[in-house]
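Colleague: I've got this one open and keep coming back to the charged side chains. Could you take a close look at how they pair up, and at what sits around them?

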Amino acid sequence: MGKLRAAQYACSLLGHALQRHGASPELQKQIRQLEGHLSLGRKLLRLGNSADALESAKRAVHLSDVVLRFCITVSHLNRALYFACDNVLWAGKSGLAPRVDQEKWAQRSFRYYLFSLIMNLSRDAYEIRLLMEQESSACSRRLKGSGGGVPGGSETGGFGGPGTPGGGLPQLALKLRLQVLLLARVLRGHPPLLLDVVRNACDLFIPLDKLGLWRCGPGIVGLCGLVSSILSILTLIYPWLRLKP
């Protein structure tokens, strides 16, 4: 499935590149047809995915963390609806249900896909916040244990107190820099979370473009879809890179 998805978005990216470089219309048509066949093949292979998504939602209901339980359950439910709409689209495109309004069902499908990705990114943000808090607490304990601390005995030491003219902006810049460094450290130490963030962020461009909320163009959509597909393949080859639960 991941290889088919990667091939489909590679065709999308290739078609955009050929169009920009003035390739022959016949070649462009062949690439679009290949992309369409790959898309239809993926839809055929995903006929049972709605049931799998519902089973995943049932399992997520029992998670102890309330935020994770909500985000993961709602994400899986939206994925189940997305796959159900995809099945209807497959029936229409394959000729089994020729009267299906494909544009309407495609819009529904991408809306559910977008909601699922929003929930996934919300879950990622929540986990990042928890890990940043843990890392910050661990750093504070290490500083106290070694007798270190911030110069001046306060968080604002070294840049002037609240009464120092112009002290607020450097303090804000320092805090922002420390947060960015802490974020980078957390993501570097948790590759599954980093891959999940990048994959969901790449996937987000696809429904945004298809729904007309943010027009990215076929080139960006193809590139983001290809990157996301490669990351998904990596999680299949190396299961430890898959974010759990």
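What follows starts with the whole chain and then zooms in on the charges.

Modeller: Sure, but keep in mind that this is a predicted model, where local features need pLDDT of at least 70, side-chain atom pairs count only at pLDDT 80 or more, and totals for chains, interfaces and linings use all residues. Numbering runs from 1 along each chain as its sequence is written, and side-chain values use heavy atoms, with hydrogens and water left out.

The backdrop is helical: 8 helices and 0 strands (DSSP runs numbered from the N terminus, H or I of at least four residues for helices, E of at least two for strands). The radius of gyration is 23 Å, well over the 18 Å from the globule rule for 245 residues, so the chain is more spread out than a compact globule (C-alpha atoms only; the rule is 2.2 Å times the number of residues to the power 0.38). Its C-alpha trace spans about 75 × 50 × 35 Å along the principal axes. Of the 245 residues, 37% are buried (under 20% relative accessible area; exposed is over 50%, partly exposed in between, with a 1.4 Å probe and protein chains only).

Now the charges. The whole structure has 9 salt bridges (a side-chain nitrogen of Lys or Arg within 4 Å of a carboxyl oxygen of Asp or Glu). The spot I'd zoom in on is Asp86, which lies in helix α4 and counts as buried because its relative accessibility is 2%. Asp86 meets Lys43 in a salt bridge at 3.5 Å, N to O. Lys43 belongs to helix α2 (residues 25-45), so this pair ties together parts 43 residues apart in sequence. Lys43 is buried, as is Asp86. Asp86 also bridges to Arg46, with the closest N and O atoms 2.2 Å apart. Arg46 sits in the loop between α2 and α3 (49-60), so here the parts tied together are 40 residues apart. Arg46, at 5% relative accessibility, is buried too. Put together, Lys43, Arg46 and Asp86 form a salt-bridge network. Leaving out residues up to four places away in sequence, Asp86 touches Ser109 as well as Lys43 and Arg46 (contact is heavy atoms within 4.5 Å).

For contrast, look at Glu55 and Lys58, whose closest N and O atoms are 3.6 Å apart in their salt bridge. These two are 3 residues apart in helix α3, about one helical turn. Glu55 is partly exposed at 38%, and Lys58 is exposed at 52%.

Then there's Asp209, in helix α7. Asp209 is buried but has no salt bridge, with Arg215, the nearest side chain of opposite charge, 4.4 Å away (Lys and Arg are positive, Asp and Glu negative; His and chain ends aren't counted). Beyond four places in sequence, the residues touching Asp209 are Trp214, Arg215, Cys216, Gly217 and Val221. Cys216 and Val221 also turn up in the largest nonpolar core, which has 12 residues, including Tyr9, Phe110 and Leu208 (buried Ala, Val, Leu, Ile, Met, Phe, Trp, Tyr and Cys joined through side-chain atoms within 4.5 Å). Helices α4 (66-93), α5 (102-145) and α7 (191-210) each give that core at least two residues.
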